[in-house]
Each structure stands twice: as structure tokens, then as C-alpha cells.
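Good morning, and thank you for coming. Please take a moment to look at the sequence and the model on the screen before I begin.

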Amino acid sequence: MNILIMGPAGAGKGTMSSHICAAFTVPHISTGDMLRENVAEGTKLGLQAKAYMEGGHLVPDEVINGMVEERLAKDDCAGGYLLDGFPRTLVQAQELTKIGERTGRPVQVVLVLNVERKILEDRITGRRICPKCGAIYHVRNHPTKKEGICDVCGSSLVQRKDDTLEKLDARMEEYERLTKPVIDYYRNMGLVYEIDASKNQDVTFEQVKKVLSDLA
């Protein structure tokens, strides 16, 4: 199944993505990871992206779109995929439809994680990340065994610079302005399934699992 997961910062997209990929055996395609991999491997698109980033510019849509198309065309996506972090704008969504047509792997279901603003604020400000292995914790909801130390690899945890109320305001404004039209685009195609992601991850995943199992 070809899945797109969407939601505001702090909605739990990363956590749900891990559960989905494990349960339904599909690759997790994060545009952030994909961009870093292309740059690290020195691919043609990666070199183009690196030039923009080193010049202090945003990587343009055509470069990101090219990376997405190349990734979706790989063999491990033949049985489905989970796309996270793309599309962020209506123009990107329209291009993804064309990419799906060219690769024969169109988006089939869009999971939208909905969370109240107050809960988002708590999740964002309490979130801590391991810079070495990427494990994610929360100071109250998912604390480490030893305060400030990653349970997985023993590294010191950090708080991301954008995990503040001020940054959340900016990200929510961007979500409303740019991403909501994307959700409406897919809703008009009959692909959107709303998920109440305000509860704990187990409760949230039960909703996700039911949607995907019913569609499989």
C-alpha cells in the first residue's frame, strides 16, 4: 500500500511511521533523510542540492521532486511505501500525482494526524532527541531510565532548536497556509483518513492499523 502521512509538528508522524513500517513491511521514505543521503552519496541531484544549501538557499522543488521520483521507482517500493515530509505544498502534491502516474506507484491513502494545540505544545517543549542514534523521548511521557541519557546508545540527549513555543507558532502558521490545501487536495480525491493522535501512541496506532487493514 502506498501511504502518505501528514500532520503538524508534534503530531507523532515519526513514531507512527515506525509502527506502520514494522507492521505493514513498507519502506519509510523521509524527504529529510533522502536529501541527506543524496548529498552524502554525491548523486547528481545531491550535488545540485548541496550547491543550493551551501549558498544559503532552499533546495528547489524540481530537485526534491527528482529525488522523490527516483526513490519511489526503486524495487523496495514495489509492494508499497510510506512517504513522510512530502508534499508540503499544493504544487508538490500535484507533481507527486504525476510522479505516481509515471512510476505506477500513486498515493493510495493519506493519514492525517490531528492533535489539539495544547497537547502539541506539551509534546514539542518536552521532546528530547539522541543526536547519535535518533531515538526520541519526552521528559514526562517517555522519559529515559537515566535522566538526559539515551537508553539505546548512552549518548547525551538534546532539545532541538526548533522545539520551542515560538518555533511552533511559525510551523503551525506554515502548516495552515501551505499544508492544509494539500490535505484538501487529497480529500477531494477521497484518499484522506483522519486520525485522532491526541492519545498515547498505542491508541493512535490502533486507529491507523484499522484504517490500513480495512483498505488492504
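I begin with the interior of this predicted model. The largest nonpolar core has 29 residues, and those that touch the most other members are Val 68, Leu 96, Val 107, Val 110 and Tyr 186. Two or more residues are given to this core by each of the following elements: S1, H2, H3, H4, S3, H5, S4 and H7. Helix H4 supplies the largest share, with 5 residues. In soluble globular proteins, nonpolar side chains tend to be buried together.

Let us take one member of that core. Which residues does Tyr 186 touch, not counting those up to four places away in sequence? They are Leu 4, Pro 87, Ala 93, Leu 96, Val 107, Val 110, Leu 191 and Val 192. There is also a second, separate core of 23 residues, which includes Met 16, Leu 120, Phe 205 and Leu 212.

Tyr 186 is also one of the buried residues of helix H7, together with Leu 168, Met 172, Tyr 175, Thr 179, Val 182 and Ile 183. Among the elements covering these residues are strand S1, helix H5, strand S4, helix H6 and strand S7. Helix H7 runs from residue 165 to residue 188 and contains 24 residues. From its first C-alpha to its last, H7 reaches 32 Å, close to the expected 34 Å. Where is the kink in H7? A kink of about 40° is located at Thr 179, shortly before the proline Pro 181. Just after the helix, Gly 190 adopts a positive phi of about 75°.

I turn now to a pair of helices. H2 and H4 pack with their axes 10 Å apart, at an angle of about 95°. Angles of 65 to 115 degrees count as roughly perpendicular, so H2 is roughly perpendicular to H4. On the H2 side, Thr 31, Met 34, Leu 35 and Asn 38 take part; they meet Ile 64, Met 67, Val 68 and Arg 71 of H4.

Is Arg 71 buried or exposed? Its relative accessible area is 16%, and buried means under 20%, so Arg 71 is buried. Leaving out residues up to four places away in sequence, Arg 71 touches Pro 27, Ile 29, Met 34, Asp 76 and Cys 77.

A further arginine, Arg 127, lies in strand S5. Arg 127 also counts as buried, because its relative accessibility is 15%. Beyond its neighbours within four places in sequence, Arg 127 is in contact with several residues, including Gly 10, Tyr 137, Asp 163 and Arg 171.

Next, the loops. Glu 147 is situated in the loop between strand S6 and H7. Its relative accessible area is 80%, so Glu 147 is exposed. Glu 147 and Leu 157 are 10 residues apart along the chain, and their C-alpha atoms are separated by 9.0 Å.

Finally, I would draw attention to two backbone details. Most residues other than glycine have a negative phi, and most peptide bonds are trans. Thr 25 is not a glycine, yet it has a positive phi of about 50°. This threonine, Thr 25, lies in the loop between helix H1 and strand S2, and it is exposed, with a relative accessible area of 68%. The other detail is a cis peptide bond, with omega of about 0°, that joins Phe 86 and Pro 87. Pro 87 is in the loop between S3 and H5, and it is one of the residues that Tyr 186 touches.

Thank you for your attention.

Terms used:
Residues numbered from 1 in each chain as written. Predicted model: local features only at pLDDT ≥ 70, side-chain atom pairs only at ≥ 80, totals over all residues. Heavy atoms only, no water. Helix = DSSP H or I, 4+ residues; strand = E, 2+ residues; numbered from the N terminus. Expected span 1.5 Å × (residues − 1). Bend = angle between axes of the 7 residues up to and from the residue. Buried < 20%, exposed > 50% of the residue type's maximum accessible area, 1.4 Å probe, protein only. Contact = heavy atoms within 4.5 Å. Core = buried A, V, L, I, M, F, W, Y, C linked by side-chain atoms within 4.5 Å. Axes fitted to C-alpha atoms, helices over the stretch in contact; angles between N-to-C directions. Parallel < 35°, antiparallel > 145°, perpendicular 65-115°, else oblique.
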